Amino acid sequence: MTSVRIQDTLSGQTPALAADGPDAVGIYACGPTVYGRIHIGNARPFVIFTLLKRFLAQQGYEPKLVINVTDINDKIYDAAREAGRPSDEYAAEMTAAYIRDTDRLGLGRPDAEPLATETIPEIVALIEALVESGHAYESGGDVYFRVRSFEGYGKLSNRDPAEMDQGEEAGIESLKEDKLDFALWKATKEGEDTSWDSPWGPGRPGWHIECSAMAEKELGPDFAIHGGGIDLVFPHHENEVAQTEAARGVPLARIWMHNGMVQMDEEKMSKSEGNIFQLSEALDRYGPEAVVAYLASGHYRQPLAFSDEALEDARSRVEGIRNYVISRASSAPRPGALDAPGGDPDPFLAEKRAAFLDALADDFNTPRAFAALAEIVAEGNRRELPGARGALEELLPLLGLDSLLAAEEAADPEAEALLAERERARASKDFERADEIRDGLAELGWEVRDEAGGARLVRRP
């Protein structure tokens with residue numbers, strides 16, 4: 001088992017991963033707030049932490065990946081009201097859309113996907129523990145966390161509490177003892193059509209306490225890795241640290257792992273900014289392998305620039321790998337994963353395999369892993385590379401690209417006829433009909449890839 005090192009936002013160090021128990025590694029990553037369809041930036045943590053889980057399993061750990069869904073939030077009330085829909089119905093619809101969209105990435109599901117709406121008893125119990133210990137107080141049906149009661153507040157984000165703004169979860173200023181305090185429970189307000197009972201009256205939980213409770217429910221109060229986008233460091237993760245440590249007396253996680261944001265014109269992609277490119281649209285246009293390769297192409301801690309060129313480059317790279325697998329690697333001798341015909345490992349292949357795995361063990365450096373993979377493909381295109389197929393069967397799944405190992409399936413006549421009809425609809429600018437046909441093809445198990453040479457059908461994973 002290789003020593004795996006991950007940079008910890010809290011300490012600034014890159015410690016070796018410490019398991020929760022005998023090889024068990026708990027990973028909690030903050031998922032979406034479902035007030036709309038997710039954009040490609042929302043998908044980056046889903047991809048990064050799913051791939052991290054795969055790598056840890058390959059290394060002999062027993063990882064459990066938890067990615068929550070925030071289905072109680074002020075933004076959901078607002079979006080549902082604008083759509084003229086009940087908020088619970090709207091949240092359920094957007095949750096289903098999120099699952100459909102991320103299913104199309106072909107990476108499988110997390111081990112647990114808790115919903116805030118299904119964690120109310122645990123949330124209430126955690127708030128009660130904070131109230132009983134003096135770290136929280138009730139006021140006008142709301143409950144607030146006393147920020148100044150927690151000595152270490154600000155240690156994750158390295159901010160001075162006096163200069164902090166709690167943002168959307170701040171609560172009502174007149175009800176708070178201190179402007180720094182943030183809401184754990186919010187009494188039902190006018191226009192909110194869903195609420196839950198609590199010792200403090202009907203209402204709903206605040207965003208931050210939801211994640212503390214869901215993480216504890218699935219992984220316990222102290223686990224290996226807590227992840228999410230870098231934009232969540234403050235206030236969301238800072239408040240999670242304070243809540244859990246104040247209530248339970250243990251750190252929430254031993255490593256805080258934050259991914260950089262997907263940026264459009266150097267601004268983070270977000271629904272609130274309006275500069276979004278939906279994940280479903282990216283999958284339709286480029287295919288799941290290209291989207292996964294794009295989202296893992298940069299080091300996870302760095303921002304990732306969004307552009308058509310970047311996604312086209314990712315698609316070209318995955319097509320190059322696919323073409324090599326089909327034309328060369330599939331026929332290469334395979335006495336073993338890395339064995340040459342004489343029984344000795346091919347030195348080049350062994351070196352690049354080691355470089356690939358070392359890159360992922362060193363703060364999950366996917367760009368270096370991609371570079372090692374590219375060298376394998378380039379060398380395999382120059383000469384016979386015994387054992388290449390076996391090596392790719394081991395390495396490609398660690399980058400979410402195992403579907404490239406499958407031979408392309410020829411489309412049946414019905415699907416080809418529908419594709420031709422879709423192209424005629426697009427040519428006549430009947431995009432609604434074209435989308436209907438695309439959806440029909442998806443139900444038949446085919447994905448439409450619009451490429452420079454025309455559209456083609458690829459069997460969906």
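In which segment is Asp-23 found? Asp-23 belongs to the segment before β1, the strand that spans 24-29. Its phi is near 70°, a positive value in a residue other than glycine. Please keep in mind throughout that this is a predicted model.

From Asp-23 the chain leads into β1, so named in the numbering used here, and I turn to the sheet that contains this strand. It is an open sheet of four strands in the order β2-β1-β7-β8, and the pairing is parallel. Because β2 (62-67) and β8 (253-259) stand at the edges with a single partner strand each, one side of each has no neighbour in the sheet. From one strand to the next, the twist averages 20°. Within this sheet, β1 and strand β7, residues 223-229, run parallel and are joined by three bridges. Ala-29 stands opposite Gly-227 in β7. Helix α1, residues 43-58, packs on the sheet and touches β1, β2, β7 and β8. The direction of α1 makes about 165° with that of β2.

I now come to the other sheet on my list. What is its strand order, and in which sense do the strands pair? The order is β3-β4-β5-β6 in an open sheet of four strands, with antiparallel pairing. Here the edge strands are β3 (136-139) and β6 (203-205), each of which pairs on one side only. The twist averages 20° from one strand to the next. As a general reminder, strands of a sheet pair through backbone hydrogen bonds, either parallel or antiparallel.

Strand β5, residues 182-187, pairs with β6 in the antiparallel sense over three bridges. Trp-185 stands opposite Pro-205 in β6. Two helices should be mentioned with this sheet. Helix α5, residues 207-219, packs on the sheet and touches β5 and β6, its direction making about 60° with that of β6. Helix α4, residues 120-132, lies across β3, β4 (142-145), β5 and β6, and runs at about 125° to β5.

Strand β5 also takes part in a salt bridge. The structure holds 43 salt bridges, and in one of them the side chains of Asp-74 and Lys-186 meet at 3.0 Å, N to O. This pair links distant parts of the chain, with Asp-74 in helix α2 (residues 74-83) and Lys-186 in strand β5, 112 residues apart.

Next, a point of backbone geometry. Which two residues are joined by a cis peptide bond? They are Phe-234 and Pro-235, with omega about 5°. Pro-235 is found in helix α6, residues 233-248.

Finally, I consider a pair of helices. Two packed helices are described by the angle between their axes and the distance between the axes. Helix α13 (residues 413-427) and helix α14 (residues 431-443) pack at an angle of about 160°, and their axes are 8 Å apart. Since angles over 145 degrees count as roughly antiparallel, α13 and α14 are therefore roughly antiparallel to each other. The crossing in which α13 passes α14 is left-handed.

Which residues meet between these helices? From α13 they are Ala-415, Leu-418, Leu-419, Glu-421, Arg-422, Ala-425 and Arg-426, and from α14 they are Phe-431, Arg-433, Ala-434, Ile-437, Arg-438 and Leu-441. By class, this contact of α13 with α14 has eight nonpolar, no polar and five charged residues.

Definitions and conventions. Residues are numbered from 1 along each chain as its sequence is written. This is a predicted model: local features need pLDDT of at least 70, side-chain atom pairs count only at pLDDT 80 or more; totals for chains, interfaces and linings use all residues. Side-chain values use heavy atoms; hydrogens and water are left out. Axes are lines fitted to C-alpha atoms, for helices over the stretch in contact, and angles run from 0 to 180 degrees between N-to-C directions. Angles under 35 degrees count as roughly parallel, over 145 as roughly antiparallel, 65 to 115 as roughly perpendicular and the rest as oblique. A crossing is left-handed if the near helix is turned anticlockwise from the far one by less than a right angle, and right-handed if clockwise. Contact means heavy atoms within 4.5 Å. Ala, Val, Leu, Ile, Met, Phe, Trp, Tyr, Cys and Pro count as nonpolar, Asp, Glu, Lys and Arg as charged, and the others, Gly among them, as polar. Two strands pair if DSSP finds at least two bridges between them. A salt bridge is a side-chain nitrogen of Lys or Arg within 4 Å of a carboxyl oxygen of Asp or Glu.
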